[in-house]
Structures are given as C-alpha cells and as structure tokens.
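Biologist: Please take a close look at one part of this model for me: the salt bridges, and the surroundings they sit in. I'd like the cut-offs as you go.

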Amino acid sequence: MSFRFRLQRLLELREQHEQAKARELAAAQDVAEQAEQAREALAALRADSHAHVHRATRRETRIGHLQQLGTVLASLDERLVLATDVCRQADEGVEAAQKTLEEAARDRRVLDRLKERHTDVWRTEEAARDRVRMDEAALTQFARKQEETTTAPAENAG
C-alpha cells in the first residue's frame with residue numbers, strides 16, 4: 001500500500017500557480033530592464049545633445065540654431081522624466097511580482113510541510129502495521145512449532 005496525500009491536487013495547483021508567478025516575475029524583470037535600457041539611451045542622447053549645445057555656444061552659431069537645440073534638449077529632458085517614471089513603474093511591477101511569487105511559494109511550502117507530516121505519520125503507522133504482521137506471523141509459527149512438539153512426543157509414545 002502506498003501513501004496517498006488527500007490534498008495532492010491542491011498542492012499541484014499551488015505549484016502551477018507558483019510557476020506562473022515566477023514567469024510573471026521574469027516578464028516584469030524583462031520589462032524593467034528594457035525600460036532602464038531605454039532610459040539610459042535617452043540619458044546618453046541628452047548628454048550628447050547637451051555637449052552639442054555647449055560646443056555650439058562657443059562658436060558663432062545662429063540664434064535660431066541654438067533655440068532649436070534648446071527645444072530638442074527640453075524635449076529630451078521631458079522624455080527622460082517620462083522614461084524615469086516608466087522605470088519606476090516597472091520596478092514597482094517587479095516588486096509586486098516578487099511579492100506575489102513569495103506568497104505563492106509560501107502557500108506551496110505550507111502544503112509541502114503538511115504532506116511531509118502526513119507522510120511521516122503514514123510511514124510510522126505502516127511500520128507499526130508491519131511489526132504487528134511480523135509478530136502475528138512469528139506467533140503463528142511459534143504456535144505451530146509448539147503444537148508439533150507437543151503432538152510429536154505423543155505420537156512417539158504410541
């Protein structure tokens with residue numbers, strides 16, 4: 001007879017739920033990484049544009065060109081602020097996904113520990129049943145031998 005955990009299906013569902021949450025965390029981390037890369041690219045572009053504006057102010061450049069560069073720089077500043085917000089939101093998504101994964105893992109571990117306890121109890125009970133069976137078999141054998149020894153002298157006497 002083998003051990004059967006009554007809540008095995010629930011444990012399997014919890015494991016599947018945990019795996020789904022792990023996939024969601026990985027996806028959220030990918031999104032956060034892509035957002036950070038985009039923000040870094042914008043920051044690099046803004047730094048290059050700022051350097052370009054700085055170089056242009058040293059030379060004799062037309063006012064219109066400087067105004068255009070200033071507008072581009074302001075636009076990059078706005079886009080950088082938006083990219084920073086996207087990164088922050090993506091990081092919050094990662095934190096939320098991490099939290100749900102931890103909760104799912106905790107729920108599964110609870111059932112795992114319960115299964116382990118039930119398995120230990122079952123093993124103990126099974127071992128006790130085996131000892132009882134072995135004792136019964138030994139007592140039966142002992143009784144047969146006793147019966148044989150008591151009937152054998154009576155047959156030898158007759």
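Modeller: Here's the overall picture, then the salt bridges, then a few spots around them.

This is a predicted model, so local features need pLDDT of at least 70 and side-chain atom pairs count only at pLDDT 80 or more, while totals for chains, interfaces and linings use all residues. Numbering runs from 1 along each chain as its sequence is written, and side-chain values use heavy atoms, with hydrogens and water left out.

Start with the frame. The chain has two helices and zero strands; both kinds of element are DSSP runs numbered from the N terminus, with helices being H or I over at least four residues and strands E over at least two. H1 covers residues 8–58, and H2 covers residues 63–157. From first C-alpha to last, the 51 residues of H1 reach 75 Å, close to the 75 Å expected at 1.5 Å a residue (the expected span being 1.5 Å times one less than the number of residues).

The C-alpha trace of the chain spans about 140 × 25 × 15 Å along its principal axes. Its radius of gyration is 39 Å, where a compact globule of 158 residues would come in near 15 Å; that radius is taken over C-alpha atoms, and the globule rule is 2.2 Å times the number of residues to the power 0.38. Two pairs give you a feel for the distances, C-alpha to C-alpha: Arg133 and Gln98 are 35 residues apart in sequence and 51 Å apart in space, while Arg144 and Ala51 are 93 residues apart in sequence and 104 Å apart in space.

Now the part you asked for. Side chains of opposite charge can pair when their charged atoms come close. Here the rule is a side-chain nitrogen of Lys or Arg within 4 Å of a carboxyl oxygen of Asp or Glu, and by that rule the count comes to 13 salt bridges.

One of them joins the side chains of Arg46 and Asp77, at 2.2 Å from N to O. Arg46 belongs to H1 and Asp77 to H2, so this pair ties together parts that are 31 residues apart in sequence. Arg46 is partly exposed, at 23% relative accessible area, and Asp77 is partly exposed too, at 28%. (Buried means under 20% relative accessible area, exposed means over 50%, and partly exposed is in between, with a 1.4 Å probe and protein chains only.)

Another pair stays within one helix. Arg88 and Asp85 form a salt bridge with their closest N and O atoms 3.6 Å apart. Both sit in H2, three residues apart, which is about one turn of the helix. An α-helix has 3.6 residues a turn, so residues three or four places apart point the same way. Arg88 has a relative accessible area of 43% and Asp85 has 30%.

Arg106 and Asp107 make a salt bridge as well, with the closest N and O atoms 3.5 Å apart. Arg106 is partly exposed at 43%, and Asp107 is partly exposed at 26%.

Then there's a network: Glu126, Arg129, Asp130 and Arg133 are linked by salt bridges. Arg133 lies in H2 and is partly exposed, with 44% relative accessible area. Elsewhere in H2, Arg144 counts as exposed at 53%.

What about the covered side? Buried residues make up 18% of the 158 residues in the chain. In H1 the buried set includes Glu18, Lys21, Leu25, Leu42 and Ser49. Ser49 has a relative accessible area of 15%, and, leaving aside neighbours within four places in sequence, is in contact with Leu73 and Leu76 (contact being heavy atoms within 4.5 Å). Across the chain, of contacts between residues at least 6 apart in sequence, 86% join residues at least 24 apart.

Last, a nonpolar spot. Leu7, Leu10 and Leu13 make a surface patch of about 210 Å². Patches use residues with over 30% relative accessible area and no salt bridge, joining like charges within 9 Å and nonpolar side chains (Val, Leu, Ile, Met, Phe, Trp, Tyr) within 5 Å. Leu13, in H1, is partly exposed at 38%. The accessible surface of the chain comes to about 12,000 Å², with 53% belonging to carbon and sulfur atoms; these areas come from the Shrake-Rupley method with a 1.4 Å probe, and for residues only the protein chains shown count as cover.
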